[in-house]
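Dear colleague,

Please find below the structure that I promised to pass on to you, and after it my notes on what was found. I suggest keeping the structure open while you read, so that each place can be looked up as it comes.

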Amino acid sequence: IAYRDTWGRGADSFISMIYERLILMRDLLHSEGSIYVHCDWRVNSFLRLALDEVFGSAYYKNEMRWKRQPVRGAKATSNQYARNSDGVLFYSKTDQWIWNGAYKEYDPEFIRSKFRQDADGRLFRDCDLGDYSEKSISEFEKQGKIYITSSGKKRLKRFLDEEKGESLGDMWTHVAEVNSMAVERTGYATQKPEALVEIIIRASSNEDDLVADFFCGSGTTAAVAEKLSRKWICTDLGKFAIHTTRKRLIQVQRELKESGKPFRAFEVLNLGRYERQAYLNVGGRLTGKQKEQALAQKEREFRDLILRAYKAQPLEGEGFFHGKNAGRLVVVGPINLPVGRLFVEEVTTECRKRGASRVDVLAFEFEMGLFPASLDEARSKGIDLAPKYIPAEVFDKRAVDKGQVVFHDVSFVEATPRYDKKDKFTVRIELTDFSVYYTQGLLDTVAAELKEGKSDVVCDLRGDRGHLIKVSKDKQGVVKTEVLTKHWTDWVDYWAVDFDYMSRKEIIKVAKGSGVDGRLPGMEPPQTELTLPEFEERWTGSYIFENEWQSFRTRKNRELELISAPYTYPAKGRYTVAVKVIDIFGNDTMVLVPVNVG
């Protein structure tokens with residue numbers, strides 16, 4: 001479900017979603033910019049109409065057909081013509097747009113049949129002079145570019161070494177799909193070939209131009225833009241997509257550095273809780289009290305949605321707790337704030353009042369450094385408290401209906417500073433433990449529903465912590481299980497270190513007198529009639545994490561370094577090191593480590 005239709009209602013919801021975003025993209029697009037939209041047969045006609053309306057049919061340029069693969073096997077024997085091509089729709093914003101042409105390498109057979117050698121040994125083909133002026137033809141003659149036929153007619157020489165290649169039409173048959181052995185392959189199901197995106201970026205942008213991809217998937221656009229010296233912005237709703245893109249871009253940087261070519265730094269930004277804010281948005285002309293009541297109703301509906309995804313039974317008339325699941329109380333944390341120490345203490349107090357000993361706390365965010373200390377404190381009071389992250393899939397109706405929403409347990413990172421014995425200012429950071437407690441309990445269900453000859457991978461509780469289990473069923477119906485996570489390092493896909501985390505505050509500009517995001521959650525944007533609001537810089541209370549060192553697994557190299565490169569501090573003192581770990585599901589956990597040097 002990392003890349004499927006998140007909006008869950010088929011073409012209707014997809015077009016509604018993409019229409020609003022196309023309007024935003026048009027407004028962001030430079031006056032000389034272009035937009036390319038890749039789509040398959042399912043929504044091709046809908047998208048063409050939406051783009052005609054948003055950009056104007058006058059600015060439609062082409063629909064290219066990309067032949068993805070030859071027709072083989074079942075595709076060739078079905079009861080209709082095989083679907084083996086996709087469409088790429090191309091629109092400009094205005095009458096003037098950047099166009100550098102699109103080319104492919106000449107086919108050797110084409111060169112043999114169309115080109116000949118001149119006296120200097122250069123390959124050329126002769127072309128009609130068309131409407132060139134006498135002055136231009138005279139200049140061509142001085143350059144040795146005029147060819148005279150046996151009948152005395154003048155024709156223009158086009159030298160092979162001066163041509164960019166064969167001009168591309170709207171049928172692209174020369175770009176192969178990303179095969180299973182390709183170096184660029186990331187394993188992302190919707191990944192496009194770099195060669196396909198390179199044609200587009202070269203044709204419609206110049207070096208140092210800005211290229212944007214708002215559905216970046218595996219990051220092909222960013223990777224190609226970086227290699228072609230374009231600036232880029234890439235976004236995606238899915239954390240798996242962002243994590244895949246981040247690793248890919250670091251790899252591109254390393255390759256460019258090794259070859260002596262320049263590359264840019266980049267940063268990963270979390271743009272916040274807009275899915276939640278959109279869900280809680282209260283529109284219309286309402287009084288302050290009406291808006292407050294409408295917002296409270298939305299929050300109740302939101303909690304009900306989360307409880308349904310968690311398969312918890314709602315508790316009617318309960319003052320503090322919201323549901324119950326398998327003998328455990330369930331409480332949903334604040335929707336627009338992280339769960340902090342005070343909230344956990346309140347949960348513990350309420351449990352003791354009720355005489356309850358087991359409770360699950362569901363939240364989108366938890367305060368950094370809250371665990372494991374808060375869990376230990378709750379246990380000392382006889383409360384088994386389990387914090388769990390609410391995933392973005394709660395907004396996917398199909399995922400909820402099919403029971404595919406996984407509430408990930410909070411992970412704990414342990415990192416240890418290793419001081420240099422010779423240099424008192426130099427430190428390395430070692431990743432010494434990563435504890436995960438994924439307890440989805442799906443093993444028996446999956447084994448029962450698994451078809452013969454098939455396999456699946458699930459999280460299940462084995463021993464003291466969760467493990468990844470491969471479940472397979474042979475043709476005789478015999479079920480076998482294999483533990484894939486044999487060591488804590490098997491859960492880690494990526495980890496990074498910021499050696500001086502507290503040195504870079506996150507500063508944003510907001511309208512004076514507003515909240516951190518410029519308005520109250522769930523409220524309409526502030527309206528002004530004659531004057532624009534004044535802005536001020538404000539610290540969000542967070543710091544910017546900079547990946548000063550990182551290690552991660554790739555498809556070809558599964559090894560993971562567990563101790564960082566050495567880092568030398570400029571002066572004696574106490575510093576805060578931030579260590580971020582991203583597990584194999586794309587969930588990230590960060591821990592702060594104090595370091596004293598000098």
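In this predicted model, the lining of the second largest pocket receives at least two residues from each of α8 (239–258) and β27 (549–552), and it is α8 that gives the most, with nine residues. The second largest pocket has a volume of about 1100 Å³, and 41 residues line it, of which Lys247, Arg553, Thr554, Arg555 and Lys556 are the closest to its centre.

The model also has enclosed space, and here one cavity of 30 Å³ or more is found. The largest cavity holds about 60 Å³ of space, and its lining is made by Arg341, Val344, Glu345, Thr348, Ser374, Glu377, Ala378 and Lys381. If you look for the helices around the largest cavity, you will find that α11 (341–354) and α12 each bring at least two residues to the lining, with the largest share, four residues, coming from α11.

The helix α12 (373–380) is also a useful landmark for the next site, since the loop that runs between β16 (358–363) and α12 is the place of Met368. Is Met368 buried or exposed? Met368 falls between those two words, because its relative accessible area is 39%, which makes it partly exposed. Together with Met502 and Leu592, Met368 makes a nonpolar surface patch of about 230 Å². To be part of such a patch, a residue needs over 30% relative accessible area, and with its value of 39% Met368 meets that cut-off.

Last comes a sheet, which is an open one of four strands, arranged in the order β5-β6-β8-β7 with antiparallel pairing. Because β5 (116–117) and β7 (146–148) stand at the edges and have a single partner strand each, one side of each of these two strands is left without a neighbour in the sheet. For β5, the pairing with β6 (residues 123–127) is antiparallel and runs over two bridges; to see where the two strands meet, you could start from Gln117, whose bridge partner in β6 is Leu123.

With best wishes,
A colleague

Methods:
Residues numbered from 1 in each chain as written. Predicted model: local features only at pLDDT ≥ 70, side-chain atom pairs only at ≥ 80, totals over all residues. Heavy atoms only, no water. Patch = residues over 30% accessible without salt bridge, like charges linked within 9 Å, V, L, I, M, F, W, Y side chains within 5 Å. Areas by Shrake-Rupley, 256 points an atom, 1.4 Å probe, with all protein chains shown as cover. Salt bridge = Lys/Arg side-chain N within 4 Å of Asp/Glu carboxyl O. Buried < 20%, exposed > 50% of the residue type's maximum accessible area, 1.4 Å probe, protein only. Pairing = 2+ DSSP bridges. 1 Å grid on protein atoms, 1.4 Å probe; cavity = no way out; pocket = protein on both sides within 12 Å on 5 of 7 lines; lining within 4 Å. Points joined across faces, edges and corners; volume = space filled by probe spheres on them.
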